[in-house]
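Here is a colleague's note to read beside the model, set out as numbered points. Please keep the structure open while going through them.

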Amino acid sequence: MDDALNYGKKITEKGYKLCCQPTRVEQYNDKEFAELCKRFGELNPYGLYIVDTFGLLHENDLIRYSQIGHECLAPNVVLGYHAHDNMGQSFKNACTFLKQDFGNRIVQVDASIFGMGRGAGNLHLEQILEYLNHNYGTEYNLSPIYKVWDKHLSKMMKESPWGYNLAYFITAENSCNPNYASYYIKKGLSVSQIEKIIINIMGVDKYLYNDEKADLFMHRSI
């Protein structure tokens, strides 16, 4: 955190807007996350995010972190939510985040067309925009999204697919880096085989991934 604070300070000194996205927010208990918000808040950042890197946050967790952020940050700091869809909860969680009472604070959610992103992907842009149009009176035009999909992303999806997958669900359920799932999917392993491997990964190995480690766990478990 100290290194990140020093880095963030240099960014603000150069005149850039600083947005802080602490990855794997679930690794912080309430006291630690409050401290993080207060310390980064001293840099007067543009925004600070709740980042669900492994896509495992449930609604009550998201609400708790949101409330801590709202209480600890100055009113002018944007509070954001960055979702991954490993457990298929990104849209539901985004709606929950938007429904909370943050007073006059500006809030943001990150999203991408058709959820394009690593592994299981992220919050679907088209879904959250339609939700905002229907529930908050916004008038976002979705047609450009469809054009980008037709021209670019549909081809990319075929070459490097992303999206909800039981293998990614298993890694999220076990608080494990989704890169393990990606590796084992490429190896052609079944979902049951992947589960057998993932439940035996312990400690820091859950979070710190590399191919050699993944291969070792595979040969140990199956």
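**Notes on the predicted model**

1. Helix 4 (residues 90-99) lies across strand 2, strand 3 and strand 4, and its direction runs at about 165 degrees to that of strand 3. Please bear in mind throughout that this is a predicted model. One residue to look at in helix 4 is T96, which touches E59 and I63 once residues up to four places away in sequence are set aside. T96 has a relative accessible area of 12% and is therefore buried, the cut-off being under 20%.

2. The sheet that helix 4 lies across is an open one, built from 4 strands in the order 1-2-3-4 with parallel pairing. Its edges are strand 1 (19-20) and strand 4 (107-109), each of which pairs on one side only. Helix 3 (residues 59-72) also packs on this sheet, where it touches strand 2 (47-51) and strand 3, and its direction makes about 160 degrees with that of strand 3.

3. The pairings can be followed from one edge to the other. Strand 1 and strand 2 pair in the parallel sense over 2 bridges, and here C20 stands opposite L48 in strand 2. At the other edge, strand 3 (residues 78-82) pairs with strand 4, again in the parallel sense, over 3 bridges, and G80 stands opposite Q108 in strand 4.

4. How many residues of strand 2 are buried? The count is 5 of its 5 residues, and the strand is accordingly described as mostly covered. Both of its faces are covered, with G47, Y49 and V51 buried on one side and L48 and I50 buried on the other. L48 is thus a residue to inspect twice, being buried in strand 2 and also standing opposite C20.

5. Helix 3, which packs on the sheet, has a helix partner as well: helix 2 (residues 30-41) packs with helix 3 at an angle of about 40 degrees, with the two axes 9 Å apart. The crossing is right-handed. On the helix 2 side the contact is made by D30, F33, A34, C37 and K38, which meet R64, Y65, I68, G69 and C72 in helix 3. By class, the contact has 6 nonpolar, 1 polar and 3 charged residues.

6. The loop between strand 1 and helix 2 contains R24, whose phi is near 50 degrees, a positive value in a residue other than glycine. This deserves a look because most residues other than glycine have a negative phi. R24 counts as buried, at 14% relative accessibility. A second residue with a positive phi, also near 50 degrees and also not a glycine, is S175, which lies in the loop between helix 7 and helix 8. S175 is partly exposed, with a relative accessible area of 30%.

7. The helices on either side of S175 pack together: the axes of helix 7 (residues 166-173) and helix 8 come within 8 Å and cross at roughly 145 degrees, in a right-handed crossing. A167, Y168 and T171 in helix 7 meet A181, S182 and I185 in helix 8, and this contact comprises 4 nonpolar, 2 polar and no charged residues.

8. Helix 8 (residues 179-186) goes on to pack with helix 9 (residues 191-198) at an angle of about 140 degrees, the axes being 11 Å apart. That angle makes helix 8 oblique to helix 9. The crossing is right-handed, and the residues that meet are Y180, Y184 and I185 in helix 8 with I194, I197 and I198 in helix 9. The residues of this contact divide into 6 nonpolar, no polar and no charged. I185 takes part in the contact with helix 7 as well as in the contact with helix 9.

9. A last point concerns T12, which has its place in helix 1 (residues 2-13). Which residues does T12 contact, leaving aside its neighbours within four places in sequence? They are L18 and L43. T12 counts as partly exposed, at 26% relative accessibility. From T12 to A167 the separation is 155 residues in sequence and 40 Å in space, taken from C-alpha to C-alpha; A167 is one of the helix 7 residues that meet helix 8.

Definitions and conventions:
Residues are numbered from 1 along each chain as its sequence is written. This is a predicted model: local features need pLDDT of at least 70, side-chain atom pairs count only at pLDDT 80 or more; totals for chains, interfaces and linings use all residues. Side-chain values use heavy atoms; hydrogens and water are left out. Axes are lines fitted to C-alpha atoms, for helices over the stretch in contact, and angles run from 0 to 180 degrees between N-to-C directions. Angles under 35 degrees count as roughly parallel, over 145 as roughly antiparallel, 65 to 115 as roughly perpendicular and the rest as oblique. A crossing is left-handed if the near helix is turned anticlockwise from the far one by less than a right angle, and right-handed if clockwise. Contact means heavy atoms within 4.5 Å. Ala, Val, Leu, Ile, Met, Phe, Trp, Tyr, Cys and Pro count as nonpolar, Asp, Glu, Lys and Arg as charged, and the others, Gly among them, as polar. Two strands pair if DSSP finds at least two bridges between them. Buried means under 20% relative accessible area, exposed over 50%, partly exposed in between (1.4 Å probe, protein chains only).
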